[in-house]
Protein chains: 2
Amino acid sequence: MAPVTTELTSGARPGVPTLDQVAVLAGVSRATVSRVVNESPRVSPEARVVVQAAIEQLRYVPNRAARSLVTRRTDTIALVLSEPNSQVFSDPFFAGIVHGVSAALAETELTLVLLTARDAREQRKIARYARQGHVDGVVLMSLHSEDLLPDMLSEVAVPLVLCGRPHDGREVAYVDADNRGGARVATEHLLGLGRRRVAALTGPMDLIAGVDRHAGWVQALADAGHEPDPALVVHGDFTEAGGEAAMVRLLDQAPDLDAVFVASDPMAVGALRALRTAGRRVPDDVAVVGFDDAAVAATCDPPLTTVAQPLDRMTTELVGLLRARIAGEAGPAETRTCPTRLVRRASA
Amino acid sequence: MAPVTTELTSGARPGVPTLDQVAVLAGVSRATVSRVVNESPRVSPEARVVVQAAIEQLRYVPNRAARSLVTRRTDTIALVLSEPNSQVFSDPFFAGIVHGVSAALAETELTLVLLTARDAREQRKIARYARQGHVDGVVLMSLHSEDLLPDMLSEVAVPLVLCGRPHDGREVAYVDADNRGGARVATEHLLGLGRRRVAALTGPMDLIAGVDRHAGWVQALADAGHEPDPALVVHGDFTEAGGEAAMVRLLDQAPDLDAVFVASDPMAVGALRALRTAGRRVPDDVAVVGFDDAAVAATCDPPLTTVAQPLDRMTTELVGLLRARIAGEAGPAETRTCPTRLVRRASA
DNA sequence: GGACGACGTGGAAGCGCTTCCACGCCGACT
DNA sequence: AGTCGGCGTGGAAGCGCTTCCACGTCGTCC
């Protein structure tokens, strides 16, 4: 009897044993094996031991497709990077978020998959992926203003948390740094140094972080009674090369600037280079504050005063919010805005 | 009749229609719908039209778990980054590979998931993930010498291609740049410039790219009749900060050096900074050649002469090899070594 | 004109798993 | 001593899909 069953079910993939085979070997039913695997309390200690031995011996691993077909769970969450510019992919902030989320998940049974979408076509592919039930939840980052993914994923009704607040103020769970507050503090620091012409080298204005950091700069200047001067702002793209080019333009537009708030550290590194090339000393002639507190901020020349984001906290919140939503415990659209902190170094 | 069936099977997830519902709506059997979905030729044009309309109307998407339970395919491949140092994650080379593989897959029905493993525990998690049948194939990159993943994945018997040749010369499919040749050409270029004391700032020696690039430098010097001088080599870690520190050490060990081959562009940027700080002019006092042809190589000061790797070609080969193996067409352990190219700029 | 393929279709089995339900066993009550 | 409840267990259904097989229904060939 038993051998027949074994042969029948093991034929196709000898390397991958099934529940049945474990059950046969352990001399119990499939139901019991399943209970042991899923740590149900309704199993006697003896049965548990026997089954575990059989699992060990066969090196049994449950088939995920079969399991998720019935449980409708996958124990997988996706981190979607919606970014046409592949260079931004190597931005230390993204790397930090990916690293942090991955670390926050390490202790759990959840697996992280990273998906990238460079255009509408790939966005659709990702929405389909989610719709097909490949993942239990999604974290969306680097959202551009006209991004379709939030809409598409809402429609799919998959648990969703954004990294960065949404552009349109829609009801959706998100975690963000206090970009506006951080930029304001950075600018106030520059003003406190006695600088009168504080420029801004912003990020892309279709990224909410770009918008908010710009807004923080505007606010600090306004609070200090400064007139807004369009010559003092140039928009960058968060890359080092972009930062250098933008700084060149800024020096051209406003040769009398004596300080600049740069919306990201990679851009600030580029800006430092442009300033050096232009013969401006940092911080003597031009004080510089960056944003991110990336590794490079501590090692560049001069070391960069910058705004640190609490990456650990952000990623923990991200994962917490998403898990709560997956568990169905979540209220509507919880949000978390994490405080930033000015890190003083030599550049300002 | 029909309504009953519909209700029975649609109960749980009203938003996600099943094959049955499509079949009922189209007035055909599930088998026929399945054939249409899978583009089988054995369907009449009329049936096809009707079914497609029903699919459209219901916004039907096949359930991946159910499908892969029977087909034993997932249409997903994993790119595994086995790297404890999270900073390396933002290395432009990795970003380029991820981007390229993702692009090469864009035209196919395959989805790319990115997995990272920082320690043995996470490596085991990934092996389990593969063993559970979540992916059809795996690309492994950034392999350290004592990495367990190649062994674990071979055991799982999942189609596998390495990005970078294996340390132990084992039989396994891989794609790699001609790191050794590139390093040799770079060093020969330095020698051709008349430099006599050509140092090497290597990558980590537990990464095969680090080993091979070092070997190329050694070979070029040997070919030119130079005695090996341990003072001329320092090991770095592929990061900018590491490159800077290593350059400082190198200048200390060999103050008379007049050229340096740096095994990666981020390190070269750090090295340039160290050289400037030390008051050495580039290329006048010290000529510098990097490796990667990262974006930063063109924009740094001075622009970096560097060795370009054919990323497009490498990622195309990677995907091609893996797909062939998944399809079962592959012979044993095919390999591809892609030629590199010296890009001349101002630093050497 | 009758047998024979080819072709499109539907029925049904089964992929590996979870979970509901029923069953039998035991100790603890009345 | 008889009944009851709890507990561990096995049987069986069913998750949504693919695919084998059998079954008409044609057009075609001798």
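**DNA side.** I started with DNA strand C in this predicted model. I found 29 residues around the strand, and A:Leu19, A:Ala31, A:Ser34, A:Ala66 and B:Ala47 come closest. Next I looked up which elements supply two or more residues to that surface: helix H3 (30-37) and helix H5 (64-71), from chain A and from chain B. I also sorted the surface near DNA strand C by residue type and got 14 nonpolar, 9 polar and 6 charged.

**Chain against chain.** How many residues does each chain put into the contact? I get 43 from chain B and 43 from chain A. On the chain B side, the elements giving two or more residues are H5, helix H6 (92-106), strand S2 (111-117), helix H7 (120-131), helix H11 (240-253), helix H12 (265-277) and helix H13 (295-299). H6(B) gives the most, with 6 residues. By type, the side of chain B that touches chain A splits into 18 nonpolar, 15 polar and 10 charged.

**Symmetry.** I then superposed chain B on chain A: a rotation of 180 degrees does it, with 0.0 Å of shift along the axis and an RMSD of 0.0 Å. The two copies are therefore related as by a two-fold rotation axis. Both use the same surface, as 100% of the contact residues of chain B recur in chain A.

**Core.** Last, I checked the largest nonpolar core, which has 101 residues. Those touching the most other members are A:Val80, A:Val138, A:Val139, B:Val80, B:Val138 and B:Val139. I followed up on B:Val80: leaving aside neighbours within four places in sequence, its contacts are B:Leu115, B:Ala117, B:Ile126, B:Val138, B:Val139, B:Leu140, B:Met141 and B:Leu149.

How values were computed:
Residues are numbered from 1 along each chain as its sequence is written. Chains are lettered from A and ligands numbered from 1 in the order in which they are written. This is a predicted model: local features need pLDDT of at least 70, side-chain atom pairs count only at pLDDT 80 or more; totals for chains, interfaces and linings use all residues. Copies are superposed by least squares on the C-alpha atoms of residues with pLDDT of at least 70 in both. Two residues are in contact if their C-beta atoms, placed from the backbone, lie within 7 Å. A residue is near a molecule or strand if its C-beta atom, placed from the backbone, lies within 6 Å of it. Helices (H or I, at least four residues) and strands (E, at least two) are DSSP runs, numbered from the N terminus. Ala, Val, Leu, Ile, Met, Phe, Trp, Tyr, Cys and Pro count as nonpolar, Asp, Glu, Lys and Arg as charged, and the others, Gly among them, as polar. A nonpolar core is a set of buried Ala, Val, Leu, Ile, Met, Phe, Trp, Tyr and Cys residues joined through C-beta atoms within 7 Å. A residue is buried if 20 or more other C-beta atoms lie within 10 Å of its own, exposed if 12 or fewer, and partly exposed in between; C-beta atoms are placed from the backbone.
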